[in-house]
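Me: Please take a close look at a single part of the structure shown below, starting from one residue and its partner. Then set that part in the context of the whole chain, in one connected account.

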Amino acid sequence: MKPSGEIVLLYNIPDEKSRKLRMLMVRMGMRFKVVDPSDYGQPIGLLAGIKEEALENPEAEVQTFDDEMMIMRGFTSSRLDLFLQNMRKAGIEKIDYKAIVTPTNMRWNSWQLYLEIKQEHEEMHAMDK
């Protein structure tokens, strides 16, 4: 399949799950990048292939984290739905922390985005209780 402009940043995905995910993305013509903790201080936009993207706050804290996270760029809503549907069909366990690259978060580092997604996830699931 011809590569699309879609790219997925992968964080802390265990080997077998990562292998299945990467195979699915290749079949769907997507690019992906496994983000190393040494790159957590880089702007999300730069990691996702947006050239010349600078950090909003170069002094922002950067830490590593162990939770799985997936950041997507360049997806239409129908392609995003298809990707998530294909993940379920392939038996790939859900990744709780997911986000789309936005004009706001593309200038954050990985730690800042992780904290934002984690807070939103906790708030959403607090309503379930």
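Reply: Glu68 counts as partly exposed in this predicted model, because its relative accessibility of 21% is not under the 20% that defines a buried residue. The side chain of Glu68 forms a salt bridge with that of Lys17, at 2.5 Å from N to O. This pair joins distant parts of the chain, since Glu68 belongs to the loop between helix 2 (44-47) and strand 3 (69-73), Lys17 belongs to helix 1, and their positions lie 51 residues apart in sequence. The two partners fall on opposite sides of the cut-off for burial: Lys17, at a relative accessible area of 11%, is buried, whereas Glu68, at 21%, is partly exposed.

Helix 1, which holds Lys17, covers residues 15-27 and also contains Arg19 and Glu16. The side chains of Arg19 and Glu16 meet in a salt bridge of their own, with an N to O distance of 2.6 Å. Here the partners are three residues apart, about one turn of the helix. Both are partly exposed: Arg19 has a relative accessible area of 36%, and Glu16 has a relative accessibility of 43%. Each of these values lies between the limits of 20% and 50%, so neither residue is classed as buried or as exposed. Helix 1 therefore offers two settings for a salt bridge, one within the helix and one that reaches a loop elsewhere in the chain.

A further pair is found in helix 4 (residues 110-126), where Glu122 and Lys118 are four residues apart, again about one turn of the helix. Their side chains form a salt bridge at 4.0 Å, N to O. Glu122 is partly exposed at 45%, and Lys118 is partly exposed at 26%. The pairs described here are among the five salt bridges that the structure holds.

Helix 4 also contains His121, which is buried because its relative accessible area of 15% is under 20%. Apart from neighbours within four places in sequence, His121 is in contact with Asp96 and Tyr97. The loop between strand 4 (97-100) and helix 4 holds Asn105, a residue that is buried at a relative accessible area of 6%. With its neighbours within four places set aside, Asn105 is in contact with Ile44, Ile100 and Leu113. The C-alpha atoms of Asn105 and Leu21 are 24 Å apart, with 84 residues of separation in sequence.

Towards the N terminus, the loop between strand 1 (7-11) and helix 1 contains Asn12. Its phi is near 55°, a positive value in a residue other than glycine. Most residues other than glycine have a negative phi. Asn12 is partly exposed, at 27% relative accessibility. Strand 2 (residues 31-34) includes Lys33, which is partly exposed with a relative accessible area of 29%. Beyond its neighbours within four places in sequence, Lys33 is in contact with Val8, Leu9, Leu10, Asp39 and Leu47. The C-alpha atoms of Lys33 and Arg22 are separated by 9.4 Å, the two residues being 11 residues apart along the chain.

These parts belong to a protein with four helices and four strands, which run β-α-β-α-β-α-β-α from the N terminus on. The link between Glu68 and Lys17 spans 51 residues. Among contacts in the protein with a separation of 6 or more, 78% are between residues 24 or more positions apart. The radius of gyration is 15 Å, which agrees with the value near 14 Å for a compact globule of 129 residues. Along the principal axes, the C-alpha atoms fill a box of roughly 40 × 40 × 30 Å.

Of the 129 residues, 40% count as buried; Lys17, at 11%, is one of the buried residues. The protein exposes about 7600 Å², of which carbon and sulfur atoms supply 51%. As to charge, the protein has 18 positive and 21 negative charges, and the mean positions of the two sets are 10 Å apart.

Technical notes:
Residues are numbered from 1 along each chain as its sequence is written. This is a predicted model: local features need pLDDT of at least 70, side-chain atom pairs count only at pLDDT 80 or more; totals for chains, interfaces and linings use all residues. Side-chain values use heavy atoms; hydrogens and water are left out. Buried means under 20% relative accessible area, exposed over 50%, partly exposed in between (1.4 Å probe, protein chains only). The radius of gyration is taken over C-alpha atoms; the globule rule is 2.2 Å times the number of residues to the power 0.38. Contact means heavy atoms within 4.5 Å. Accessible areas come from the Shrake-Rupley method with a 1.4 Å probe; for residues, only the protein chains shown count as cover. Lys and Arg count as positive and Asp and Glu as negative; His and the chain ends are not counted. The place of a charge is taken as NZ of Lys, CZ of Arg, CG of Asp or CD of Glu.
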